[in-house]
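Reader: I would like a careful, close look at one part of this model, namely its charged side-chain contacts and their surroundings.

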Amino acid sequence: MDNPAAMVEQNLLLLLALAPFAGALLLTTLPRQAERRAALFSGLTMLASLGLLAGMAKSIASDNVLTVDIDWIPTLGLSLSLRVDGFVWLFATLVMIIGLLIVVYAGFYMKGKDRLPRFFGLLLTFTGAMQGILLSGNLIMLVVFWELTSLMSFLLIGFWHGSAAARDGARTALVLTASGGVCLLFAMLLIGQVAGSYQLDEVLKAGPEIQAHPYYGIILALFLIGAFTKSAQVPFHFWLPGAMAAPTPVSAFLHSATMVKAGIFLLVRFFPVLGGTELWFFAVTGIGMLTMTVGAVVALFRHDLKGLLAYSTISHLGLITALAGIGSTGAITAAIFHICNHAVFKASLFMVAGIIDHETGTRDMRRLGGLFRVMPITGSLAIVASAAMAGVPLLNGFLSKELFLAETVAWHNGTWLDDSLPYIAVVASAFSVAYSLRFVMSVFFGPLAKDLPKSPHEPAAWMRRPVELLVLICVLVGILPALTLGPSINAAARAVFGDDLPYYDIAIWHGINAPLLLSLVAFGVGILLYTTMARGIAAGPEGPPLLHRLRGQKLYDQVMLRGTWIWPRRALGWLSTDSLQPQLRLVVLVAFIVAFGSLWRNFHLAETLRQTAPSPGFALMWLVGGACAIGAAWQAKYHRFAALVMLGGAGVVTCLTFAWFSAPDLAVTQLLVEIITTTLLLLGLRWLPNRREEILRDTLMPARVRRGRDLFIAICSGMGITAIAYAIMTRPRIPNVGDWFLANAYHSGGGTNVVNVILVDFRAFDTFGEITVLAIVGLTVYALLRRFRPASESIDAPEQQSGNIANRLDDYLFVPSTIMIWMFPILIVVSAYFFFRGHDLPGGGFAAGVTMAIAFLLQYLATNVKWVEARLTVLPIHWMGIGLLIAVGTGIGSWIFGFPFMTAHARYVTLPLIGDVPFATALIFDLGVFALVVGATVLMLIAIAHQSLRAARMREQEEEASKEANKKKETPVWN
Amino acid sequence: MELILSGAIGVLAASGIWLILRPRSFQVIVGLCLLSYAVNLFIFSMGRLTPGAPPIMPKGGFVDPTLYADPVPQALVLTAIVISFATTALFLVVLIGLRGLTGTDHVNGKEKSEA
């Protein structure tokens with residue numbers, strides 16, 4: 001299709017698919033008070049969509065199929081494709097018309113405190129998702145939209161999330177429909193595999209292949225579970241009544257034209273692919289008829305208006321499902337017709353129920369009555385709509401029901417189910433007449449209800465307009481079917497079956513025939529049922545006698561309770577522990593066993609050991625280092641400070657080792673980090689409790705056994721690591737990627753310090769990830785400490801700051817602190833020095849950043865928090881943010897020059913006073929690293945340092961409180 | 001040299017592991033520090049020990065990789081040092097928070113028979 005008209009239509013189609021989402025996005029930007037604007041925007045979006053659909057109408061009427069294909073991941077065969085034919089067009093128009101009316105209705109129904117922009121945003125997204133199901137030309141895309149409707153309906157049903165019923169209803173709906181969606185996904189994947197394509201056009205042609213395939217049974221089962229959960233077919237129907245906790249406009253939308261109809265849409269759409277077999281007939285028609293009957297029977301016994309409508313919806317969905325199961329051309333036409341009719345009258349009835357609820361404050365039919373006197377217009381509308389629901393002649397419901405009855409009577413395949421269809425249909429119809437009667441009679445007639453929560457009167461005119469329009473449609477379609485819906489229905493049926501389908505004339509009068517007689521019987525029985533049972537029902541429980549005890553909801557609740565709460569917790573009780581030590585022990589043991597197991601029998605040393613000449617200095621150094629490590633382990637419990645000093649000793653020896661074996665960068669960084677870590681731990685020591693030496697249990701036998709076991713594990717692990725380290729270190733060196741880095745660092749990285757070049761150029765992306773981690777840790781530390789409350793015994797000022805000692809220590813550490821203050825500019829220079837030489841000589845962003853952080857830290861140590869912050873404004877979060885931005889910016893900068901992300905460019909520039917400086921874009925990246933390291937480190941240190949302020953504040957508060965308490969005691973009481 | 005260093009790694013690791021199995025949070029934090037020294041040294045030593053040949057290149061000309069220390073483990077360890085500092089800080093804060101919230105410095109948040 002290369003002609004301009006086709007291009008225009010394709011663009012219309014794209015716009016149509018995007019419009020609701022764009023509208024929803026716009027709505028999210030509105031403030032929560034903008035209620036009118038929110039309603040207006042969403043109404044306009046729906047109107048625009050209707051306009052777009054109207055723009056396609058002409059082309060659709062001549063049986064064109066409009067498609068748009070956009071390649072998304074061509075290598076995987078994934079494309080975004082949209083597709084509109086007559087069926088989809090009719091359905092989408094229905095969704096948009098009802099949607100528009102719902103928006104008008106909701107604009108008056110929802111209250112100001114309900115955050116309307118959010119509500120309409122969700123509603124539009126839901127509409128977009130529903131429309132996405134209809135428009136999808138690709139199976140996978142269809143499933144994605146399918147799940148999106150489940151998600152959005154979850155949010156809509158639970159919109160009043162303050163109420164437990166809404167939350168439960170929303171959760172049940174989500175669990176059921178989303179699990180159905182998973183089944184559908186598998187079904188679609190299998191269909192795609194069997195048909196060889198995921199494009200709907202291809203799949204629709206592949207019906208015979210799929211039905212002949214051995215997987216047909218499983219495909220059908222999965223597919224039907226998906227469709228039935230969505231369309232609330234027995235036994236998955238119970239989520240629908242639960243979803244009645246939603247705001248009424250949502251119920252009116254979800255349960256008339258959308259959500260539940262999605263399943264029906266799928267059944268009709270895929271009838272040519274999967275349908276027509278005996279299996280399909282029994283499963284779909286059988287479940288459909290069962291649902292229709294159960295729904296109709298239960299509906300009669302519900303006292304809640306919306307509950308009645310919910311079960312009535314289930315029943316009507318069953319009817320349509322049954323038609324889809326029969327699958328003759330007449331049945332599918334009837335199904336499409338009834339989809340429209342049901343949407344129209346059910347939406348209007350839900351709106352009426354909402355109006356009644358809104359005006360009287362209750363939906364309980366036992367409390368309502370005689371409302372016709374105070375709400376004559378609403379009452380008349382409700383009566384017409386209920387009559388359509390019951391299938392009274394001259395209304396739309398009658399026509400589609402006649403078609404349905406005609407199909408049940410017609411011969412299809414002569415099985416027992418086929419033969420019994422008319423009887424089941426009459427029973428269900430009778431009940432539907434009875435519940436429609438009950439709806440009208442108990443609400444609008446009889447004595448006027450007293451003591452209602454509100455005094456009822458007609459609603460705002462605009463709240464009624466949508467109902468009026470819908471009822472008008474009921475009547476118009478009912479009287480003039482051939483002029484109104486006839487052509488569209490036929491176009492839709494042709495889209496499902498193919499172009500050569502004969503035109504199906506929908507007429508009001510077919511003469512006196514079997515369907516009409518069945519209808520009359522149903523009316524007679526229905527009226528009889530209601531008149532004899534009305535009293536009994538009102539006095540009875542919420543549901544049919546006996547049957548109300550057997551409810552899917554209860555079963556589901558039990559399964560959920562056991563499956564997601566009781567059993568998992570029991571399993572957790574067996575398999576896990578809250579205690580940290582056993583977990584860590586397990587980690588160490590597993591690591592040890594895995595290493596030991598894989599090295600067992602494979603462990604051997606190299607034939608000629610690579611040995612470096614031993615040096616006594618080095619040995620001596622590690623004698624001290626090892627002693628420090630063991631000492632720290634020994635003393636960490638009772639002598640924390642000593643342990644900390646020894647930890648530092650081990651760290652310094654590690655640092656010297658790096659220097660010894662040609663890793664100056666590591667040595668510098670390790671030394672600086674060592675300083676920071678030690679300071680941090682020193683700051684932390686202040687908040688730990690005093691340790692009493694004489695904990696009795698420590699000396700008991702079990703404690704000794706535990707310690708002995710842990711010591712054994714530790715020694716074995718240590719020996720294992722030693723063995724592995726020795727075995728590898730003594731192997732000859734093999735050429736590796738490092739050689740490439742060495743050879744190319746200067747040539748293509750522009751720096752002579754290979755380690756730095758790797759970090760900021762060759763593997764800059766890794767470094768970027770790593771500094772991001774650092775930023776996250778910094779923020780986490782900050783966030784955790786914001787809520788921190790020190791333990792009560794740590795609140796008191798430390799000994800050095802309290803009492804007489806404080807006076808004596810006025811000049812506490814005077815000389816060192818003066819020196820530390822003076823060090824500030826010097827450290828900044830050192831930091832700059834590290835930074836600029838980094839690319840060529842040991843140093844770099846990390847080292848410079850930590851040095852800079854130490855400069856700040858020294859200021860805090862030398863004086864106190866208040867002194868520093870009165871003179872220095874440190875904004876660590878800004879440092880971090882700017883650092884990250886610089887790093888990303890450098891990476892993105894390479895895109896501008898047409899290189900991949902984080903490609904670096906290198907050259908030397910001459911700066912005044914400093915001389916030749918290696919200036920690579922990597923240097924800018926390193927600047928980002930620097931800024932981020934400064935920010936994150938300082939943020940953590942400051943966060944911990946500020947705890948002392950908080951403790952001081954708490955101390956002051958306590959003192960004040962005690963002072964006031966004393967005052968009260970001292971004040972004499974005169975009365 | 002190799003023997004000394006691998007022995008040292010073992011001693012650091014054993015001390016660290018023993019400490020992380022202890023019940024007091026301060027012991028665990030010191031243990032983690034020691035363990036991170038051990039692991040950093042271990043990774044570093046995977047590039048073999050080459051004294052006196054830091055990976056600083058001449059400006060231009062042919063480079064013989066065998067004359068220099070392996071830069072890859074060094075780059076790995078450099079980032080590891082910074083990250084282990086970050087995790088130590090995080091753990092310290094959790095330790096302080098735990099102490100403030102539960103009133104004990106036992107790793108489980110409550111005093112238990114396990115000493």
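With which residue does the side chain of A:Arg733 meet in a salt bridge, and at what distance, N to O?

Author: The side chain of A:Arg733 meets that of A:Asp739 in a salt bridge of 3.0 Å, N to O (the term stands for a side-chain nitrogen of Lys or Arg within 4 Å of a carboxyl oxygen of Asp or Glu). This is a predicted model, in which local features need pLDDT of at least 70 and side-chain atom pairs pLDDT 80 or more, while totals for chains, interfaces and linings use all residues. Residues are numbered from 1 along each chain as its sequence is written, chains are lettered from A and ligands numbered from 1 in the order in which they are written, and side-chain values use heavy atoms, with hydrogens and water left out.

The two partners differ in their cover, since A:Arg733 is partly exposed at a relative accessible area of 23%, whereas A:Asp739 is buried at 15% (buried is under 20% relative accessible area, exposed over 50%, and partly exposed in between, with a 1.4 Å probe and protein chains only).

Over all chains, the search of the whole structure finds 15 salt bridges. One of these contacts joins the side chains of A:Arg269 and A:Asp85 at 2.8 Å, N to O. Because A:Arg269 lies in helix 12 and A:Asp85 in the loop between strand 2 (78-84) and helix 3 (86-109) of chain A, the pair ties together parts that are 184 residues apart in sequence (helices, H or I with at least four residues, and strands, E with at least two, are DSSP runs numbered from the N terminus). Both A:Arg269 and A:Asp85 are buried, and they are linked with A:Arg83 and A:Asp201 in a network of salt bridges.

Helix 12 of chain A, which spans residues 260-269, is itself mostly covered, with ten of its ten residues buried; among them are A:Lys261, A:Phe265 and A:Arg269.

A further salt bridge, between the side chains of A:Asp364 and A:Arg366, has an N to O distance of 3.1 Å, and here A:Arg366 is partly exposed, with a relative accessible area of 44%.

Turning to the backbone, the loop between helix 9 (216-230) and helix 10 (239-242) of chain A holds A:Pro235, which a cis peptide bond with omega of about 5° joins to A:Val234. A:Ala232 is found in the loop between helix 9 and helix 10 as well; although not a glycine, A:Ala232 has a positive phi of about 55°, and at 0% relative accessibility it counts as buried.
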